[in-house]
Amino acid sequence: MIQATDLAKVYGDKTAVDGVTFTVEPGRVTGFLGPNGAGKSTTMRMIMGLDAPTRGTVTVNGAPYAKHKAPLREIGALLEAKAVHPGRTAFSHLSALAATHGIPSKRVHEVIEMTGLGAVAKKKVKGFSLGMGQRLGIAVALLGDPQVIILDEPVNGLDPEGVVWVRNLVKYLASTGRTVFLSSHLMSEMAQTADHLIVIGRGRILADAPIQDVIEGQGKARSRVRTDRPEDLSRLLARSGVTIQAPEHEVLEVSGLDSRSIAQIALDNRVLVYELTPLQASLEEAYMQLTKDEVEYRSDAAAAHVPLPSGSEPDVQASAPAQEVSR
Amino acid sequence: MSTIQHEFRHATAPRERLVGPNFFRILNSERIKFLSLLSTRILLLCAAALMVGFAALQAWGIGTFYESSRRPPGGAAGGGPAGQGGVPDVTQILHQIPSAGVSFAQLIIGSLAVLMISAEFSTGMARSSFAAIPTRWPVLAAKAMYAAVVGFGLTYIGAYVGGLVAVPILNSYNLHLDMASWDVQRLMLLNAVYVAAVTLMGLGLGALLRNSAGAIVTLVALLFVLPIIFAIIQADFFKETRKYFPTTAADAMFEAGSSAAHNTAYLEPWQGALVLAAYVVVLLGAAFTSLKQRDV
């Protein structure tokens, strides 16, 4: 279990992590999602005791990481691929780290075999591809058979087979009761791997909920309506809290009103409706929604003369074709 | 799920005793790190070759000089570097032959010590190392032990082998070097202590600057460049300050136990030793503090 309380990190005048509080529970895969520079890696480094928090605390299995007698057996982390001296072989690298905890060489061979590095274990890391570097990083993370596994962007640079492998691995580890904390910018990957999601943007937690709740919580109930009288229906449906877009001819996308109410209004006013489909936001959409303000702020700050999109309603507008998952 | 269970059967291991790091395990880890790099072995080999080569070269040089100054009776005025007239008294110089390569070998060994820690930071290895040892200081302490032992051992052994190579060369010029004599052993040991101090300074600089090139340049400047610059400038301030550079302090220390008259360009031997120790303590102390406080 990882517990962060009001955890903050300030570099000079830049706040990387701005007082986050969250708990990563054992027995499930917790995804850590956020745009670039949102503070994911900084948070993970603070968990590992590599960066000292400016404020707040973070504990692993009840104690600060550095206080544990056998740190590698508490947490294994892949913080970035190739945190390795390139002149060393994978085997030497693992052996040196194993030696610090008296981990037998049998275990070194096990993690080498398991991560599929057997053929290159005696080669210098210099020549490793990004994917092999990731596998070595995962081997390091598993070396001490830790209770908590932290993986920062583990599928970066992996081939599709490797991606599936990592997905199965983390699910397996969670199924054995271990705590798995996984960051990724690949939302589709998160959707398939994580059980729980912590979304971070500009150093703040934007969402901390089961993945299904994050997806559902963001898309207000939306429906796609096909009608031969879109103008009339729009007028009839218009009221406060309801947003209507017309992405195509004879198609309306209505949010803020459930499908049954739309059907009722159409029936009462004798408007023909030939499709009425409730829409669910994809994780990608939910994520965009959550981080929209953060991202806007950033690009705005980078280029202050670029005008903000007008309109106070922060909904995704028709200009951005939304990806929907039909229920 | 059963195939997955089989595939990942090694993802978890039977939970043995919760064995954590202790200093011997960390020493063992640092030993693996030290020996598993080809660059380390190449640098060590170069330093050893320099030590032996310079001893041989120096023996040959002194031999020919001795011979040429002896042939015309009366000898060349001015004598040897030891400063006697007539037939040069080369005994003092002879004693220094085994350690002749130290002034160059120290740069290689010192650079190696810098790399022991700076490469951790430049390669990202530090994140792995300090995630394993979050208390951090034992990693630097273990490195310091290896650096000092390697610096001392390589210098002493290099000088010894160099001396063994030099003896037959000197013999052919009718010069005799007794490797077992106190003066020879004294200089070899003091040089070995000095190089061990240089490695600790290098390690300290590497940990402070975290940049290989920067730390090596700083070390070379401190050991080599600045003392030369200060020697050239003929002002009292520079003359006085020069005494406190590591190299000059070491030269003062080398006079310890020597029968030769004290050279006023240097500090007293014990003062020299203290100055050298101060460099080590200040740089390593700052390194430990910085390692504890700075983010990795």
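Is A:Asn61 buried, exposed or partly exposed? A:Asn61 is partly exposed, because its relative accessible area of 29% falls between the limits for buried and exposed, under 20% and over 50%. Please keep in mind as you read that this is a predicted model. The briefing below starts with a sheet in chain A, moves on to two residues with a backbone angle worth a look, and ends with chain B.

**The sheet in chain A**

- Six strands of chain A form an open sheet in the order 5-6-7-3-8-9, and the pairing in the sheet is mixed.
- Strand 5 (75-78) and strand 9 (204-210) of chain A are the edge strands, each pairing on one side only.
- Direction ignored, neighbouring strands of this sheet are turned by 15° against each other on average.
- A helix joins the picture too: helix 5 (residues 130-143) of chain A packs on the sheet, where it touches strand 5 and strand 6 (148-152) of chain A.
- The direction of helix 5 makes about 170° with that of strand 5 of chain A.

**How the strands pair**

Here is a piece of background first. Strands of a sheet pair through backbone hydrogen bonds, and the pairing is either parallel or antiparallel.

- Strand 6 and strand 7 of chain A are joined by five bridges in the parallel sense. One partnership here links A:Asp152 with A:Ser183 in strand 7 of chain A.
- Strand 7 (residues 179-183) and strand 3 of chain A also run parallel, with four bridges between them. In this pairing, A:Val29 has A:Val180 of strand 7 as its bridge partner, and A:Phe32 has A:Ser183.
- A:Ser183 therefore turns up twice, as the bridge partner of A:Asp152 and of A:Phe32.
- On to strand 8 (residues 196-201) of chain A, which pairs with strand 3 of chain A in the parallel sense over four bridges. A:Gly31 stands opposite A:Leu197 of strand 8.
- Strand 8 and strand 9 of chain A pair in the antiparallel sense, over six bridges. A:Leu197 has A:Ala209 in strand 9 as its bridge partner.

**Two enclosed strands**

Which way do the side chains of a strand point? In a regular strand, they alternate between the two faces of the sheet.

- In strand 3 of chain A, A:Val29, A:Gly31 and A:Leu33 point one way, while A:Thr30 and A:Phe32 point the other way.
- Strand 3 (residues 29-33) of chain A is largely enclosed by the rest of the structure, because five of its five residues are buried.
- Strand 7 of chain A can be read in a similar manner: A:Thr179, A:Phe181 and A:Ser183 point one way, and A:Val180 and A:Leu182 the other way.
- Five of the five residues of strand 7 of chain A are buried, so strand 7 is largely enclosed by the rest of the structure.

**Two residues with a positive phi**

- A:Asn61 is not a glycine, yet its phi is positive, at about 50°. You will find A:Asn61 in the loop between strand 4 (55-60) and helix 2 (71-74) of chain A.
- A:Asp6 has a phi near 50°, a positive value in a residue other than glycine. A:Asp6 belongs to strand 1 (residues 2-11) of chain A.
- With 32% relative accessibility, A:Asp6 counts as partly exposed.

**Chain B as a whole**

- Chain B has 12 helices and zero strands.
- The C-alpha trace of chain B spans about 95 × 45 × 30 Å along its principal axes.
- Of the 296 residues in chain B, 50% are buried.
- Looking at contacts in chain B between residues at least 6 apart in sequence, 75% join residues at least 24 apart.
- Chain B has an accessible surface of about 13500 Å², and carbon and sulfur atoms account for 67% of that surface.
- There are 19 positive and 14 negative side chains in chain B, and the centres of the two sets lie 12 Å apart.

**A buried glutamate in chain B**

- B:Glu30 lies in helix 2 (residues 23-35) of chain B.
- B:Glu30 is buried, because its relative accessible area of 4% is under the 20% limit.
- Which residues does B:Glu30 contact, leaving aside its neighbours within four places in sequence? They are B:Val139, B:Ala142, B:Lys143 and B:Tyr146.

Terms used: Residues numbered from 1 in each chain as written. Chains lettered and ligands numbered in written order. Predicted model: local features only at pLDDT ≥ 70, side-chain atom pairs only at ≥ 80, totals over all residues. Heavy atoms only, no water. Buried < 20%, exposed > 50% of the residue type's maximum accessible area, 1.4 Å probe, protein only. Contact = heavy atoms within 4.5 Å. Areas by Shrake-Rupley, 256 points an atom, 1.4 Å probe, with all protein chains shown as cover. Lys, Arg positive; Asp, Glu negative; His and termini not counted. Charge placed at Lys NZ, Arg CZ, Asp CG, Glu CD. Pairing = 2+ DSSP bridges. Axes fitted to C-alpha atoms, helices over the stretch in contact; angles between N-to-C directions.
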